Amino acid sequence: MIKETLKLVDCKDTKHALIEIKGGDYNDEGDNTEACLFWNHEKNSANWWLCIDLEDSKMGVLVHELFHATHRILEYFGVEFTSKNHEPFAYLMEYLYNECVKIKLEK
């Protein structure tokens with residue numbers, strides 16, 4: 001059974017969040033950034049972590065990172081982004097955005 005998860009890490013320090021995420025691919029891009037996406041694909045699982053400060057980050061930053069998350073998730077499942085196949089990306093990105101907004105409003 002394959003298990004896939006996307007976890008939202010609402011944090012002020014992405015570098016610290018990166019250190020806390022076991023198995024996340026580490027790269028210097030995670031240092032001192034307002035938001036970032038980490039991922040780890042293993043034999044029977046795929047995990048993505050979106051680290052962002054939902055309270056203070058601009059919506060443009062959230063959308064930027066959600067694009068990365070959408071691309072990585074659908075790439076994992078073999079879905080290609082083409083001029084004839086972009087709706088799955090739009091639907092997933094819209095869903096992820098709406099879920100993040102719900103979380104932000106609950107704070």
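## Helix 2 and its surroundings

Just after helix 2, Gly78 takes a positive phi of about 85°. This is a predicted model, in which local features need pLDDT of at least 70 and side-chain atom pairs count only at pLDDT 80 or more, while totals for chains, interfaces and linings use all residues. Residues are numbered from 1 along each chain as its sequence is written, and side-chain values use heavy atoms, with hydrogens and water left out.

The chain holds three helices and three strands, in the order β-α-β-β-α-α from the N terminus on; helices (H or I, at least four residues) and strands (E, at least two) are DSSP runs, numbered from the N terminus. Of the 107 residues of the chain, 33% count as buried, where buried means under 20% relative accessible area, exposed over 50%, and partly exposed in between, with a 1.4 Å probe and protein chains only.

Helix 2 (residues 59-76) has 18 residues and reaches 25 Å from its first C-alpha to its last, close to the 26 Å expected at 1.5 Å a residue, the expected span being 1.5 Å times one less than the number of residues. Its buried residues are Leu62, Glu65, Leu66, Ala69, Thr70, Ile73 and Leu74. These lie on the same side of helix 2, because they cover an arc of only 160° around the axis, an arc taken from the directions from the helix axis to the C-beta atoms. What covers them includes strand 1 (3-10), strand 2 (35-42), strand 3 (45-52) and helix 3 (87-106).

The largest nonpolar core (buried Ala, Val, Leu, Ile, Met, Phe, Trp, Tyr and Cys residues joined through side-chain atoms within 4.5 Å) has 16 residues, of which Leu50, Ile52, Leu62, Leu66, Leu96 and Cys100 touch the most other members. Helix 2 gives the most to this core, with five residues.

By the rule that a side-chain nitrogen of Lys or Arg lies within 4 Å of a carboxyl oxygen of Asp or Glu, the count comes to four salt bridges, among them the three tabulated here.

| Salt bridge | Closest N and O atoms |
|---|---|
| Lys12 and Asp53 | 2.8 Å |
| Asp56 and Lys12 | 2.8 Å |
| Arg72 and Glu75 | 3.5 Å |

Arg72 and Glu75 are separated by about one helical turn, because they are three residues apart in helix 2. Asp53 is buried, with a relative accessible area of 9%, whereas Lys12 counts as exposed at 61% relative accessibility.

How values were computed:
Contact means heavy atoms within 4.5 Å.
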